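I opened a fresh notebook page today and went looking through a structure that was new to me. Here is what I looked up, entry by entry.

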Amino acid sequence: MWSITHFPAAMRSLSPRIRAKAIEIANQLQEQGQLDQQHIIMISVDEARRWARLERSNEWTIKNDQLYA
């Protein structure tokens, strides 16, 4: 299990918020036990980045909707 103080080097360049999400995803994948560690890290980083993009997109939409309400 990884944590915010103990995580793979591949997550070092992520922002703290995205890293936390990647750690959450990686730990869930690790619990399932179907993938090797390298794939878990790769998938979790990609999914966390995708999650962050969707979050930014939703925040932008909400702010613009409020402007025109």
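**Entry 1: salt bridges**

I began with a search of the whole structure for salt bridges, and it came back with two. One thing to keep in mind as you read along with me is that this is a predicted model.

I took the pair of Lys21 and Glu24 to start with. Their closest N and O atoms are 3.5 Å apart. I wanted to know how these two sit along the chain, and found them in helix α1; because they are three residues apart there, about one helical turn separates them. Glu24 has 38% relative accessibility, so I noted Glu24 as partly exposed.

Then I turned to Arg50 and Glu47, whose salt bridge has its closest N and O atoms 2.6 Å apart. Both residues belong to helix α2, and they too are three residues apart, about one turn of the helix. I looked up the cover on each partner. Arg50 has a relative accessible area of 40%, so Arg50 is partly exposed. Glu47 comes out at 31%, so Glu47 is partly exposed as well.

I jotted a reminder in the margin: side chains of opposite charge can pair when their charged atoms come close.

**Entry 2: the overall layout**

Next I stepped back to see the whole protein. How many helices and strands does the secondary structure have? I counted two helices and zero strands. Helix α1 covers residues 16-32, and helix α2 covers residues 37-67.

I also checked how much of the protein is tucked away. Of the 69 residues, 29% are buried. The accessible surface is about 5200 Å², and carbon and sulfur atoms hold 53% of that surface.

Then I asked what share of the contacts with a separation of 6 or more joins residues 24 or more positions apart. The share is 51%.

**Entry 3: buried residues of helix α2**

I picked out three residues of helix α2 to follow up, beginning with Ser44. Is Ser44 buried or exposed? Its relative accessibility is 0%, and since buried means under 20%, Ser44 counts as buried. Setting aside neighbours within four places in sequence, I found Ser44 in contact with Met11, Ala22, Ile25, Ala26 and Leu29.

Ala48 is my second pick from helix α2. Ala48 has a relative accessible area of 0%, so I wrote it down as buried. Beyond residues up to four places away in sequence, Ala48 touches Ile18, Lys21, Ala22 and Ile25. Lys21 is familiar from the salt bridge with Glu24. I looked at Ile18 a little longer: Ile18 and Ala48 are 30 residues apart along the chain, while their C-alpha atoms are separated by 5.8 Å.

Ile41 is my third, also in helix α2. With a relative accessible area of 14%, Ile41 is buried. Its contacts, again leaving out residues up to four places away, are Trp2, Pro8 and Ala10. I also noted the spacing to Met11, which is 30 residues from Ile41 along the chain, with 8.1 Å between the C-alpha atoms.

**Entry 4: patches on the surface**

Now for the outside. I found a patch of positive charge on the surface, where Arg17, Arg49, Arg53 and Arg56 gather. Which helix gives the most to this patch? Helix α2 does, with three residues. Arg17 sits in helix α1, and at 40% relative accessibility Arg17 counts as partly exposed.

I noted a nonpolar patch too. Leu35, Met42 and Ile43 form it, with about 240 Å² of accessible area together. Met42 is in helix α2, and its relative accessible area of 46% makes Met42 partly exposed.

**Entry 5: one residue before the helices**

My last stop was Arg12, which lies in the segment before α1. Is Arg12 buried or exposed? At 58% relative accessibility, with exposed meaning over 50%, Arg12 counts as exposed. Not counting neighbours within four places in sequence, I found Arg12 in contact with Phe7 and Arg19.

Terms used. Residues numbered from 1 in each chain as written. Predicted model: local features only at pLDDT ≥ 70, side-chain atom pairs only at ≥ 80, totals over all residues. Heavy atoms only, no water. Patch = residues over 30% accessible without salt bridge, like charges linked within 9 Å, V, L, I, M, F, W, Y side chains within 5 Å. Areas by Shrake-Rupley, 256 points an atom, 1.4 Å probe, with all protein chains shown as cover. Salt bridge = Lys/Arg side-chain N within 4 Å of Asp/Glu carboxyl O. Lys, Arg positive; Asp, Glu negative; His and termini not counted. Charge placed at Lys NZ, Arg CZ, Asp CG, Glu CD. Helix = DSSP H or I, 4+ residues; strand = E, 2+ residues; numbered from the N terminus. Buried < 20%, exposed > 50% of the residue type's maximum accessible area, 1.4 Å probe, protein only. Contact = heavy atoms within 4.5 Å.
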